[in-house]
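Open the model in your viewer and keep the selection panel at hand. The stops below say what to select next and what is there.

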Amino acid sequence: MASAVMPTYARAPVTFAKGEGCRLIDTEGRRYLDFGAGIAVCGLGHAHPALIEALTRQANTLWHTSNLYRVEGQEKVAAKLAALSFGDVVFFANSGAESNECSIKLARRYHASRGNPDKWRILAFEGSFHGRTLATLAAAGNPKNLQGFGPVVTGFDHAPYGDLATAEALLGSETAAILVEPIQGEGGIRVPPPDFLKGLRALADRHGALLMFDEVQCGLARSGRLFAHERFGVVPDVMSLAKTLGGGFPVAACVATARAASGMTAGSHASTFGGNLLAMAVASAVLDIVAEPSFLASVARKGETLAGGLDALVNRHPRVFEQRRGVGLMQGLRCAVPQDEAVDRLRDAGLIVVPAQDKVIRLIPPLIVEEPEIDEALLILESVARSMPAKAA
Ligand SMILES: *Cc1c(COP(=O)(O)O)cnc(C)c1O
């Protein structure tokens, strides 16, 4: 029978029925090691007791009231995010795209409210992913994702990722903000050169532009630091979060300094579901766990184990996997063989990974993954690498 679901996804032929920690179980009863975590969403794995507790307790009390009224959970989560970051204030949304949409609107409004309505352009970077709304598609500028959806929202300029000189050349008096992923996810787990983000901070300051980090994928402990930008010693004015924030419950946040958010006054922006009571209950529980210094240290340590194992794999099978990239539990393998085939073979062998651009497969396990599970994943990778017809030398 034809599916009634709009066919916008090329889905793998598998249906998962249950999840436990880092394991997924499909409808046939087969077990998989999940190194995709629902695309870096299930940071605490599947069926984490603290999240089940938080969600069911709230579900038994009150689900939704709207933003016409005060929502205690929002006050609590915003205060936690502000205490943990450079930010002072938070807008809650439901998806990464929406949190970036808030960043973009905030930047334009910041300058407009200071009498500079002509300062509205945003500098962004090639290979980025910021979501699938019309503005966030324009922000990333990926021609494939924009095809047939024209006219493209105007006001976005693009420099190659990591290229400060081109970024500088594109900045002008009309630039309102720079929007960048501190580590690119969908683009293929790309870590920028050491001085890139620092350079962007200096350029933004020189031009009176805001610096806005999209930490939807790299944020919330995935890099081994609570926020990926901490690794680079650079502080932005605005940061978007989503994915891990709800551990699988849809929730997102746009975190900003009071100054950057000064244009966002009552009535300027809104969301019906944003900061819903259920979402806040879960986000609060997620933050309590991922922000613990011992949790962050464990992610960094396990990331090193995974990276070391992947480096050895690349050394042994350079004609299957030609490069490892990434930090913490945000690792990528660039394939010398067809990427889709590698993903399918790994899944058949019991390991779930996620494809990205640039022929990269992402290894983005739940942050609660244990060392033996990392060893198990490396063994599966090794056996699949051996079985793959390698690219001719
Ligand atoms: C996933 C992602 C988004 C989009 O998030 P949605 O929840 O799908 O809208 C935006 N930016 C980055 C860096 C992402 O990884």
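Start with the contact between the domains: 22 residues of domain 1 touch 17 residues of domain 2. The model is a predicted one. To see both partners, colour residues 50-290 as domain 1, and 293-362 together with 369-393 as domain 2, following the domain assignment of the protein chain. The centres of domain 1 and domain 2, taken over C-alpha atoms, are 28 Å apart.

Next, go to the open sheet. It has seven strands, and reading across it gives the order β4-β10-β9-β8-β7-β5-β6, with mixed pairing. Select 89-93 for β4 and 156-159 for β6: these strands stand at the edges with a single partner strand each, so one side of each has no neighbour in the sheet. Direction ignored, neighbouring strands of this sheet are turned against each other by 20° on average. As background, strands of a sheet pair through backbone hydrogen bonds, in either a parallel or an antiparallel way.

Stay in this sheet and select residues 121-125 and 175-180. These are β5 and β7, which run parallel and are joined by three bridges. Which residue of β7 stands opposite Ile122? Show side chains and you will find Ala177 there.

Now add residues 196-206, helix α8. The helix lies across β5, β7 and β8, the last of these being residues 210-214. Look along β7 to judge the direction of α8: the helix runs at about 170° to that strand.

Move on to residues 16-20 and 23-26. These are β1 and β2, paired in the antiparallel sense over four bridges. Within this pairing, Gly19 has Leu24 in β2 as its bridge partner. The two strands form a hairpin with two residues between them. Click on Gly21 in the turn: its phi is positive, at about 60°.

The last stop is a cavity. Rolling a probe the size of a water molecule over the atoms shows where empty space is left. How many cavities of 30 Å³ or more are there? The count comes to one, and the largest cavity has a volume of about 40 Å³. To find it, select His64, Thr65, Ser66, Asn67, Val71 and Gln74, then add Thr272, Phe273, Gly274, Gly275, Asn276 and Leu277; these residues line the largest cavity. Colour the selection by residue type: the lining divides into nine polar residues, three nonpolar and no charged.

Conventions:
Residues are numbered from 1 along each chain as its sequence is written. This is a predicted model: local features need pLDDT of at least 70, side-chain atom pairs count only at pLDDT 80 or more; totals for chains, interfaces and linings use all residues. Side-chain values use heavy atoms; hydrogens and water are left out. Two strands pair if DSSP finds at least two bridges between them. Axes are lines fitted to C-alpha atoms, for helices over the stretch in contact, and angles run from 0 to 180 degrees between N-to-C directions. Contact means heavy atoms within 4.5 Å. On a 1 Å grid over the protein atoms alone, a cavity is a set of points where a 1.4 Å probe fits but cannot get out, and a pocket is an open set with protein on both sides within 12 Å along at least five of seven lines; lining residues have an atom within 4 Å of a point. Grid points are joined across faces, edges and corners, and a volume is the space filled by probe spheres set on the points. Ala, Val, Leu, Ile, Met, Phe, Trp, Tyr, Cys and Pro count as nonpolar, Asp, Glu, Lys and Arg as charged, and the others, Gly among them, as polar. Domain bounds come from an automatic or database domain assignment.
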